[in-house]
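Q: Please take one part of this model and go through it closely. I am new to this, so explain each term as you use it.

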Amino acid sequence: MSRNFGSNLGQLHFKIVLLGEGCVGKTSLVLRYVEDKFHEKHFSTIQASFLTKKINLEGQRVTLAIWDTAGQERFHALGPIYYRDSHAAILVYDITDQDSFVKVQNWVKELKRILGDKVILAIVGNKTDLDKERNVPADEASEYARSVGATHYQTSAKTNRGIEELFLDVTQQLLRVAESQNQLNSSANPTSNRNQEVVIVDDNPAPKKSCCG
Amino acid sequence: MESGGSRSSRPGHGPKLHIPQSDLICKTGCGFFGNIAWQGYCSKCYKEYFLQRQQHQDAFAVSPSSLISRKVERSMSDASTFFNKPEQHSSTLPRHGFSRFEEKKRHNQEMRTTAVKSLFRKTPTKGVGSPKARDRRALSPESHASIVELDQFLQTLPQNAAHHAYSFLRVQADKLDRLVSSGVLTPIEISDRVHNIYQVFDEKLKTHSGFLDMTSSSMESLLDHSERYLTRLLYKKLFCPPNCDDEERDLAVQKRIRSLNWISAPLLDCRINELDSKVRDILEKAITHLIEMDGQRAPQDKLASIINCSKLVFEMLGLSNSSNAHQSKARTEECNNSDQGQTGELTVNDVNDKEEPPSSTVHNSQPVSADDFLPALIYVVLRANPPRIHSNLNFITRFAAPGRLLQGEGGYYFTNLCCAVSFLENLTSDSLGLSSDEFDRYMSGKSIPFASLQAGVMVSEGLRLMYQNMSTLSELRHKQINLQQQILELKNDMESFNECMSKEVVECLQMFPVQIRGKRAPIKPDEVQPEESDTLKLLPPPLLPHKINSESPLPPLVESISPNLEHLVPASAAVVAPVGQPPSHKQARVADNQQDGSIQELDLFALNELSINCSSSGEPNNLENADDDPFSSLSLTVQGRIIPCIPCDNISPTGQQPPPTN
């Protein structure tokens, strides 16, 4: 089972991957959630690409591992390596930037193709504090989210709006999936069938070994 | 094919090289010519010698010192594992094939011996965690160390649990060893088996009665140790197994990275300020960690190396952040577009564009995010060119415990490293924002991007040092100019202050002109002749020192005067001459004389008057104006009254006393 929802010593671990174009505020979003900080100007040495948050939800201890990804176009092809085995994907766009929303739509297609329908998708319009410069209508975005089975959220990392709700909601969805998975697992014995061998996309098949000597 | 060539061609070459023919002949004396590359053997004898040495090495494992030196060698230079690169490409395949064959042969041999020995092993292990002598003999020091380590750990556990764990792991390790050695399993199958062992062991820990008295934390570390034990014990067989193409892939990646060595940090959009020596130190440390990964055996140790490397990358980015914060550019409007097309316009010709390496500054105020981290990591991989990177990544994927890569930062950084390697493998001109023409030119080594030159990627250490010194010098020059400016400013300030002050002084002088009085000649009353001036005539005659006897009646004097005094002067002001009233001539004199410091004269007066008073009490004053000035007598009495109390030479000048309030 590549996507392992099983609990480890009574604790649930979820991997959440953050996708989105550069500068849409992925990093600010997760920093705001995990550390309640917003770095507008001041310099800080802390890293913000891998963060964990422990929460207690419905009596269950949950650890969220939030993976930030490089948003540059040139790294787009590396996406599958990042979101492999992730339980949820948070797709962030900038409400003032139509292009970033188009990027999100591409990500959704790709995720659906590679991870299937089971992955939990959250589409997040960030920077609602810049509402007067909005270029992506909220209805259009939520309409699109509904059509692909994702949930749409509006947040502002700067004013700390909607972020707690976003992560809480995603975690609740994760818990629900984990529960149903556990029920499935208890009825059918899970086989450890790992298909995650390929780390680096392998184009050419292994040549047959010949014995020489 | 090698042997044939050497035999036929050598004889003709011998005399030309001025080497005695006897030296060229194979060391074993087989009659054929030897070769230095084969350590003086002919090809055939060298093959035999090589085989023997290999077996020898396997039997009595490599000495620790040579192991360390090998590790050091690896960290010193990325190419050291592939040091003889030019001729290697020609001879890679046959040689690898050769050694692999040997390995297989050896495995088969081992299998046979283990099969025999397994007959004896069926009996349960006698003591907890006492590795058999057999292991010690046949294993490399690393594998042996793994046994010792497990042993040590097991001793900290309850005996029952340790016993169960040990026997389980032993059995599994032997089984796995046999399976792997048979060479029938593909790497994926081996990986599945290993994971199966982890899972079974995990479940056993939770359910088996032997492990009931263990805490969850010690269970976790037991799992950790078992993983370490298995992978280290069988490292040679699990790492880069002969029946996969890992080795070829390793070489391909290695070659690829080497051919990409012209890529500089700015070209990758990576904000490392390489000219900063501190940043470069960290970069080198990060590279060392990455190369060290190959030397580690257990997956968790390899992951730890990756984590260390990544941490250093973050540190480096943070440092670069602060160091080029001053050249930061607002980049918000650029964010809307993709990052492509901004880099790479520098070629060898663009020497003028020195000040601003393109896109070396990207939103500096942010904490280090994945957008910055990945390019930096790619750059580190590029510079490190870690040995056997592909095999290492595959090893970790195959044999790390499943949780390790799914959760935790180790998994995240590992994924990033995979991304970095994958990016470099699939790098095209597009991903660098170069035209394909440019890209080809750089790849073929016909030209070098200027940014690479500047960053010192392509140049020797000396040139890099020169660049660094140049930047230091320019910094110093900047500071010097600053200092000079400040000196000038200070000078100006001082001058203007000087001017201002002198102006003020002049103004003050004008407002309050100085009146210079001529020096007052000291007047010595004793020498003044009465006829010299009228005022002097008013003065009492000089007073001679007069000895006052103890029986001389002073109190009567005071008593006799006091009724006269009391209604005029308050008692407290008794010492003082009543300045408020018109002073007597005598007092005026005193005041004037004070400035000349003539206290003695005052004393003289006082005594004078005292004597007058004393001698002429009740008698009419011999001064003419005594009657005109009612205060003269008063002042006289006042002074006279005080004298007996104060020694003569201590009398303070009367003029300095505060005047009476009334």
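A: Here is a close look at chain A, followed by the parts of chain B that help to place it.

The model is predicted; local features need pLDDT of at least 70, side-chain atom pairs count only at pLDDT 80 or more, and totals for chains, interfaces and linings use all residues. Residues are numbered from 1 along each chain as its sequence is written, chains are lettered from A and ligands numbered from 1 in the order in which they are written, and side-chain values use heavy atoms, with hydrogens and water left out.

Start with the layout. Chain A has five helices and six strands. Helices (H or I, at least four residues) and strands (E, at least two) are DSSP runs, numbered from the N terminus. Along the sequence, the order in chain A is β-α-β-β-α-β-α-β-α-β-α.

Next, burial and contacts. Chain A has 213 residues, and 52% of them count as buried. Buried means under 20% relative accessible area, exposed means over 50%, and partly exposed is in between (1.4 Å probe, protein chains only). The accessible surface of chain A is about 9800 Å², and carbon and sulfur atoms hold 49% of it. Such areas come from the Shrake-Rupley method with a 1.4 Å probe; for residues, only the protein chains shown count as cover. Take the contacts in chain A between residues at least 6 apart in sequence: 74% of them join residues at least 24 apart. A contact means heavy atoms within 4.5 Å.

How far can the model be trusted? The average pLDDT of chain A is 78, and 77% of the residues score at least 70. pLDDT is the predictor's confidence in each residue, from 0 to 100. Residues 1-9 of chain A have a pLDDT below 50, and this stretch has 29 contacts in the model beyond near neighbours in sequence. Residues 41-45 of chain A are also below 50, with eight contacts beyond near neighbours in sequence. Where pLDDT is low, the predicted coordinates should not be read in detail.

Now two helices. In chain A, the axes of α3 (residues 98-115) and α4 (residues 138-147) come within 12 Å and cross at roughly 5 degrees. Axes are lines fitted to C-alpha atoms, for helices over the stretch in contact, and angles run from 0 to 180 degrees between N-to-C directions. So α3(A) and α4(A) are roughly parallel to each other. The cut-offs are these: under 35 degrees is roughly parallel, over 145 roughly antiparallel, 65 to 115 roughly perpendicular, and the rest oblique. From α3(A), the contact uses A:Gln98, A:Phe101, A:Gln105 and A:Val108; from α4(A), it uses A:Glu140, A:Ala141 and A:Tyr144. By class, this contact has four nonpolar, two polar and one charged residues. Here Ala, Val, Leu, Ile, Met, Phe, Trp, Tyr, Cys and Pro count as nonpolar, Asp, Glu, Lys and Arg as charged, and the others, Gly among them, as polar.

Stay in helix α3 of chain A, which also holds A:Val102. A:Val102 is partly exposed, with a relative accessible area of 35%. A:Val102 and A:Glu21 are 81 residues apart along the chain, but their C-alpha atoms are separated by 9.8 Å.

Two loop residues have an unusual backbone angle to check. Most residues other than glycine have a negative phi. A:Cys23 is not a glycine, yet its phi is positive, about 70 degrees. A:Cys23 sits in the loop between β1 (11-20) and α1 (26-35) of chain A. With a relative accessible area of 26%, A:Cys23 is partly exposed. A:Glu58 is not a glycine either, and its phi is positive at about 50 degrees. A:Glu58 belongs to the loop between β2 (50-57) and β3 (60-68) of chain A. A:Glu58 is exposed, at 57% relative accessible area.

Finally, look across to chain B. Chain B has 28 helices and zero strands. Of its 662 residues, 43% are buried. One residue of chain B that touches chain A is B:Thr415, in contact with A:Trp67, A:Ile81 and A:Tyr82, leaving aside neighbours within four places in sequence. B:Thr415 lies in helix α19 (residues 408-425) of chain B. B:Thr415 counts as buried, at 4% relative accessibility.
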